[in-house]
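Visitor: I am new to this structure and would like a close look at a single part of it. Could you take me through one helix slowly, with its surroundings?

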Protein chains: 4
Amino acid sequence: MLSDPSAALSVVFDKDGVLEQIGSGKGYVDMSTVDAATSTKISEAVKQKGGAFLEAPVSGSKKPAEDGQLVILAAGDKPLYDGMIPAFDVLGKKSFFLGEIGNGAKMKLVVNMVMGSMMNSLSEGLCLADKSGLSPQTLLDVLDLGAIANPMFKLKGPTMLQGSYSPAFPLKHQQKDMRLALALGDENAVAMPVSAAANEAFKKARSLGLGDQDFSAVYEVVKGAGGSGSGQP
Amino acid sequence: MLSDPSAALSVVFDKDGVLEQIGSGKGYVDMSTVDAATSTKISEAVKQKGGAFLEAPVSGSKKPAEDGQLVILAAGDKPLYDGMIPAFDVLGKKSFFLGEIGNGAKMKLVVNMVMGSMMNSLSEGLCLADKSGLSPQTLLDVLDLGAIANPMFKLKGPTMLQGSYSPAFPLKHQQKDMRLALALGDENAVAMPVSAAANEAFKKARSLGLGDQDFSAVYEVVKGAGGSGSGQP
Amino acid sequence: MLSDPSAALSVVFDKDGVLEQIGSGKGYVDMSTVDAATSTKISEAVKQKGGAFLEAPVSGSKKPAEDGQLVILAAGDKPLYDGMIPAFDVLGKKSFFLGEIGNGAKMKLVVNMVMGSMMNSLSEGLCLADKSGLSPQTLLDVLDLGAIANPMFKLKGPTMLQGSYSPAFPLKHQQKDMRLALALGDENAVAMPVSAAANEAFKKARSLGLGDQDFSAVYEVVKGAGGSGSGQP
Amino acid sequence: MLSDPSAALSVVFDKDGVLEQIGSGKGYVDMSTVDAATSTKISEAVKQKGGAFLEAPVSGSKKPAEDGQLVILAAGDKPLYDGMIPAFDVLGKKSFFLGEIGNGAKMKLVVNMVMGSMMNSLSEGLCLADKSGLSPQTLLDVLDLGAIANPMFKLKGPTMLQGSYSPAFPLKHQQKDMRLALALGDENAVAMPVSAAANEAFKKARSLGLGDQDFSAVYEVVKGAGGSGSGQP
């Protein structure tokens with residue numbers, strides 16, 4: 001589970017890398033999150049050597065990983081996937097086979113895009129509650145009892161109210177995923193104004209130096225990071 | 001639980017209305033969802049007659065109501081609220097006392113604003129999945145296993161994919177609540193760009209004649225209702 | 001040319017006000033900018049006394065006023081308008097008769113909405129130029145030679161680059177007009193996402209204490225007023 | 001003035017291309033609009049052969065080209081620029097030297113981004129005027145007398161009202177420029193919510209098959225292309 005495309009490519013193409021070992025009857029599974037182009041490059045190189053390739057990025061961050069609750073989004077060689085199911089059942093909560101190479105990366109982007117939008121929705125709700133005389137904590141309590149209750153609000157809501165943003169999922173990575181999701185939309189002529197607005201809020205957060213904080217730090221932008229009347233020119 | 005301000009006012013002010021009956025030692029509880037101004041009007045009239053008033057709008061729609069799972073957002077007269085707790089415990093899952101008159105209505109607006117934004121996030125995710133070669137149903141399955149799993153996605157996701165929008169919460173009412181929430185933000189100088197973008201999508205849905213459908217019909221706008229190449233001038 | 005609805009109503013309805021003087025054969029022209037409801041109220045009161053009423057708000061701010069270059073947006077009594085043309089030709093550059101009461105106010109809102117959006121477009125362009133290594137002043141020069149050259153960019157561009165926002169049109173009034181324009185859109189189911197985004201930027205500016213500055217101070221929000229890394233929680 | 005990066009590269013790198021001819025004392029001027037990366041590639045190849053390179057994309061479309069009114073945005077080799085000034089004075093209205101390679105392309109993107117936002121502002125204003133009982137043509141007349149009067153509104157406004165979108169600048173190219181401008185902003189952590197909203201409107205237009213029409217066809221999206229009640233699921 002490497003952290004970026006260049007690492008993923010390096011492990012495959014460099015000296016003593018995967019390509020020197022791979023061959024017919026052998027498979028390579030990469031659980032990193034990389035873009036579809038990188039995944040395709042690796043897949044073709046592996047297949048050219050007679051091997052089988054499966055991308056298997058995971059969805060979920062620190063806590064689910066520790067609890068073995070990751071969701072595995074596999075795509076590529078179906079027989080290799082079938083052979084991996086026992087291992088996946090140990091590593092994670094559930095695995096999906098999504099079809100052709102690139103689909104695992106895409107699914108992850110879509111999930112993270114919805115998550116990033118929702119983090120903005122929560123931030124705006126908390127700020128509105130606070131500024132209009134309600135208790136943001138009470139808003140969290142009410143949300144947790146209703147149709148839109150979800151683990152992310154339950155976990156992040158209280159730390160946001162404390163102004164605590166120790167990074168489980170760094171904001172700069174969240175924003176990168178939103179950018180890639182919007183680009184995927186652009187390729188397919190899908191207009192997504194709410195996600196686009198959320199993406200701009202994350203960019204504003206980066207511009208204010210919050211990129212290495214948890215992505216929930218976008219709340220600081222909604223509240224008016226550095227503002228509160230100090231924005232006089 | 002009346003449906004709009006004029007009905008709520010009528011019941012209080014008209015002949016044979018509440019004001020003819022109310023007095024010292026008596027309380028009036030209105031579980032309608034009305035704006036803070038209407039609530040204040042009723043509250044003052046009731047108090048002037050020596051009575052006590054409690055607004056107690058509910059959060060949750062058809063299904064939670066049937067299941068006795070509504071959340072009650074009360075505000076106004078605290079002793080009257082305390083006296084109502086046994087009745088509230090039967091009617092709903094939990095009740096909150098939120099302080100001064102108007103706070104019940106405000107809390108409901110904030111909750112519905114977050115819900116309306118999230119409905120747009122889901123719609124955009126489903127559309128992106130679909131147009132980029134993924135299965136929207138699989139997206140729903142993946143979301144339901146992760147940090148942002150919630151009852152609304154679980155309930156509405158499948159009906160949206162079927163294009164079925166039988167109204168549990170009409171879109172025009174959802175959009176009205178978003179408008180009022182944004183107005184509350186405006187009064188308090190709270191900028192909420194993601195909710196504003198969601199509100200515009202609901203307005204677009206109204207302009208396409210979807211106002212009486214369930215608010216999940218905003219998915220039709222995201223998909224390009226009536227579009228798909230038929231938008232040639 | 002009064003500054004707000006209560007002043008406009010006061011002048012008409014109070015003791016020694018217009019209603020005491022008005023009657024058949026007399027006309028009252030109000031060049032204030034008020035909302036359509038206030039205008040309608042005045043119009044009905046004046047007509048009830050047998051008089052004629054014309055609303056005639058103006059478009060343009062300090063400089064055009066000084067130069068006699070205002071545009072007059074009249075609506076209401078057509079014969080009264082015809083009688084006013086000579087006076088209007090002195091007061092302003094051109095006058096329009098827009099039909100029924102309220103249309104003058106509406107036209108002004110639409111114009112100011114387009115203007116507020118454009119001020120955001122300019123702000124974003126200047127900021128992008130600056131942060132990507134171009135000269136914002138050169139951007140202004142290039143814009144002034146092209147298809148989108150306009151007096152507002154020419155006049156405000158340089159003062160924005162100097163961080164000088166002496167109010168010709170206060171930001172809080174600009175934002176109020178955008179809010180009213182969006183509300184007019186809401187009434188008519190017109191979705192306007194770009195104007196909605198511009199309106200949120202003006203609200204953010206108000207939240208940072210910029211409401212009394214010129215509306216071009218929204219540039220400070222785009223640049224990251226009070227931010228620049230100082231947004232650390 | 002080639003139309004895209006691959007053509008621009010081809011002319012330089014292919015057999016019988018520029019690189020076979022270029023050398024010390026010779027210069028190559030490319031007036032195509034290409035991205036900064038392509039421009040840099042060409043520049044390095046030319047400089048390696050001892051030649052000088054100048055990128056000189058132009059701003060302005062069909063009409064200004066015919067009238068010799070283009071604005072030339074040059075960057076790269078300063079002495080080569082100086083030598084080109086007489087030629088530029090004939091080709092266009094004015095030329096700028098913007099510094100290092102890539103700056104010409106960037107400036108053009110910023111200008112087109114502001115233009116694309118403004119086209120959305122105009123579209124929203126026209127639609128609001130129309131739906132709220134005003135004459136869109138009168139709005140154009142009023143705008144043309146005020147602070148935001150500009151040649152683009154004057155030229156495109158009437159054709160938009162006729163539903164006539166014969167392409168002077170195809171919408172798909174406009175949206176591509178907005179995408180690249182937003183990407184430039186992303187690289188530099190510049191949040192631009194109004195431009196982002198405008199970009200989504202252009203994407204929606206592409207999804208409705210309007211990509212080959214003039215970019216003013218985004219008006220169809222604002223009006224509700226294909227909608228008007230036909231959006232029933």
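Guide: What follows is a walk along helix 10, taken in chain A and then in chain B. The model is a predicted one, and in chain A helix 10 covers residues 193-207. At 1.5 Å a residue, its 15 residues should span 21 Å, and because the end C-alpha atoms are 21 Å apart, the expected and the computed span agree. Of these 15 residues, 12 are buried, which means that helix 10 of chain A is largely enclosed by the rest of the structure; buried here stands for under 20% relative accessible area. The buried residues run from Val194(A), Ser195(A) and Ala196(A) at the start of the list to Lys203(A), Lys204(A) and Ala205(A) at its end, and they include Glu200(A) and Phe202(A). Just after the helix, Gly209(A) takes a positive phi of about 85°.

In chain B, helix 10 packs against helix 9 (residues 171-187) at an angle of about 145°, with the two axes 9 Å apart, and the crossing is left-handed. Residues of helix 9 including Leu171(B), Met178(B) and Leu182(B) take part in this contact, and on the side of helix 10 of chain B they are met by a group with Ala198(B), Asn199(B) and Phe202(B) among them. By class, seven nonpolar, four polar and three charged residues make up the contact between these two helices.

As for the chains themselves, chain B can be laid on chain A with an RMSD of 0.1 Å by a turn of 180° and a shift of 0.0 Å along the axis, which is the relation of a two-fold axis. The copies meet through the same surface, because 100% of the interface residues of chain B are also interface residues in chain A.

Methods. Residues numbered from 1 in each chain as written. Chains lettered and ligands numbered in written order. Predicted model: local features only at pLDDT ≥ 70, side-chain atom pairs only at ≥ 80, totals over all residues. Heavy atoms only, no water. Helix = DSSP H or I, 4+ residues; strand = E, 2+ residues; numbered from the N terminus. Expected span 1.5 Å × (residues − 1). Buried < 20%, exposed > 50% of the residue type's maximum accessible area, 1.4 Å probe, protein only. Least-squares fit on C-alpha atoms with pLDDT ≥ 70 in both. Contact = heavy atoms within 4.5 Å. Axes fitted to C-alpha atoms, helices over the stretch in contact; angles between N-to-C directions. Left-handed = near helix turned anticlockwise from the far one by under 90°. Nonpolar A, V, L, I, M, F, W, Y, C, P; charged D, E, K, R; others polar.
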